[in-house]
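Reader: I would like a close look at one part of this model. Please take me through how the pieces there fit together, and keep it brisk.

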Amino acid sequence: MSGDGRGGERDWEEGTPVPLYIVTGGRTDAGEAQVLDLVTLIVARSEPQPGMRPEHVSILRLCAGPLSVAELSAYLDLPFSAVQVLLADLIADSLVEARQTRAAHTAAADPDVEILKALIDGLQRL
């Protein structure tokens with residue numbers, strides 16, 4: 001750990017990343033919230049309000065039009081797990097709407113056979 005000569009304390013510089021536990025309020029999962037995956041579309045239902053956390057404001061501004069959770073993660077430069085926790089807050093307050101792009105009962109264990117055939121065909125052409 002680098003120090004500045006004052007008992008090993010670290011000098012934080014401008015632009016230093018904020019630890020994720022601060023961004024998420026110390027939470028590591030979204031709790032009982034709606035299941036979100038990378039392709040779930042998020043749409044703002046409200047404008048940012050005074051006193052909101054900066055990450056929530058950013059999400060509401062970015063989601064004026066539908067945006068996937070993966071895109072949000074990239075634009076905010078945050079991991080999916082942190083974005084999922086932030087979205088759970090906004091969904092609970094009805095500030096955003098989550099739109100599933102595929103049926104909720106469709107699981108990775110039950111993929112679409114036609115898509116797999118097309119994928120195999122495309123890979124064989126390489």
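Author: In this predicted model, helices H3 and H4 are roughly perpendicular to each other. Their axes cross at roughly 105 degrees. They come within 9 Å. That angle falls between 65 and 115 degrees, so the pair counts as roughly perpendicular. From H3, the contact is made by Val 69, Leu 72, Ser 73 and Leu 76. From H4, it is made by Phe 80, Val 83 and Leu 87.

Now take H3 by itself. The helix covers residues 69–76. Which of its residues are buried? They are Val 69, Leu 72, Ser 73 and Leu 76. Why do they sit on the same side of H3? They cover an arc of only 100 degrees around the axis, which puts them on the same side. The other side of H3 has Ala 74 and Tyr 75, both exposed. H4 (80–92) is one part of what covers the buried residues. The cover also includes strand S1 (41–44), helix H2 (54–62) and strand S2 (67–68).

Tyr 75 deserves a second look. This residue lies in H3. Its relative accessibility is 56%, so Tyr 75 counts as exposed; the cut-off for that is over 50%. Tyr 75 still has contacts beyond its sequence neighbours. Leaving aside those within four places, Tyr 75 is in contact with Leu 62 and Leu 67. Ile 59 is 16 residues from Tyr 75 in sequence. In space the two are 9.3 Å apart, C-alpha to C-alpha.

Next comes the link out of H3. Asp 77 is found in the loop between H3 and H4. The residue comes just after H3. Its phi is near 55 degrees, a positive value in a residue other than glycine. Most residues other than glycine have a negative phi. Asp 77 has 69% relative accessibility and therefore counts as exposed.

A second positive phi turns up beyond H4. Ser 94 is found in the loop between H4 and S3. Its phi is about 60 degrees, and Ser 94 is not a glycine. Ser 94 counts as partly exposed, because its relative accessibility is 43%.

Turn to H2, which helps to cover the buried residues of H3. What is buried in H2? The residues are His 56, Val 57, Ile 59 and Leu 60. They cover an arc of only 160 degrees around the axis, which puts them on the same side of H2. The face turned away from that buried side carries Pro 54 and Arg 61, which are exposed. The cover over the buried residues of H2 includes H3 and H4. S1 and strand S3 (96–99) are also included.

That brings in the strands. S2, S1 and S3 form an open sheet, in the order S2-S1-S3, with antiparallel pairing. S2 and S3 are the edge strands, and each pairs on one side only. Strands of a sheet pair through backbone hydrogen bonds. How many bridges join S1 to S2? Two bridges do, and these strands run antiparallel. S1 and S3 pair over four bridges, again in the antiparallel sense. Ile 42 shows both pairings. In S2, its bridge partner is Leu 67. In S3, Ile 42 stands opposite Ala 98. Leu 67 has already appeared here, as a contact of Tyr 75.

One last residue ties the strands back to H3. Thr 40 is found in the loop between helix H1 (20–23) and S1. Is Thr 40 buried or exposed? Its relative accessibility is 0%, so Thr 40 counts as buried; the cut-off for that is under 20%. Its side chain makes a polar contact of 2.6 Å with the side chain of Asp 37. Leaving aside neighbours within four places in sequence, Thr 40 is in contact with Leu 67, Ser 68 and Val 69, among others. The contacts of Thr 40 also include Ala 98, Arg 99 and Gln 100. Val 69 is one of the buried residues of H3. Val 69 also takes part in the contact between H3 and H4, which brings us back to the crossing of these two helices at roughly 105 degrees.

Terms used: Residues are numbered from 1 along each chain as its sequence is written. This is a predicted model: local features need pLDDT of at least 70, side-chain atom pairs count only at pLDDT 80 or more; totals for chains, interfaces and linings use all residues. Side-chain values use heavy atoms; hydrogens and water are left out. Buried means under 20% relative accessible area, exposed over 50%, partly exposed in between (1.4 Å probe, protein chains only). The arc is that of the directions from the helix axis to the C-beta atoms. Contact means heavy atoms within 4.5 Å. Two strands pair if DSSP finds at least two bridges between them. A polar contact is a pair of N or O atoms within 3.5 Å; within protein, one must be able to donate a hydrogen and the other to accept it, and residues adjacent in sequence count only if both atoms are side-chain atoms. Axes are lines fitted to C-alpha atoms, for helices over the stretch in contact, and angles run from 0 to 180 degrees between N-to-C directions. Angles under 35 degrees count as roughly parallel, over 145 as roughly antiparallel, 65 to 115 as roughly perpendicular and the rest as oblique.
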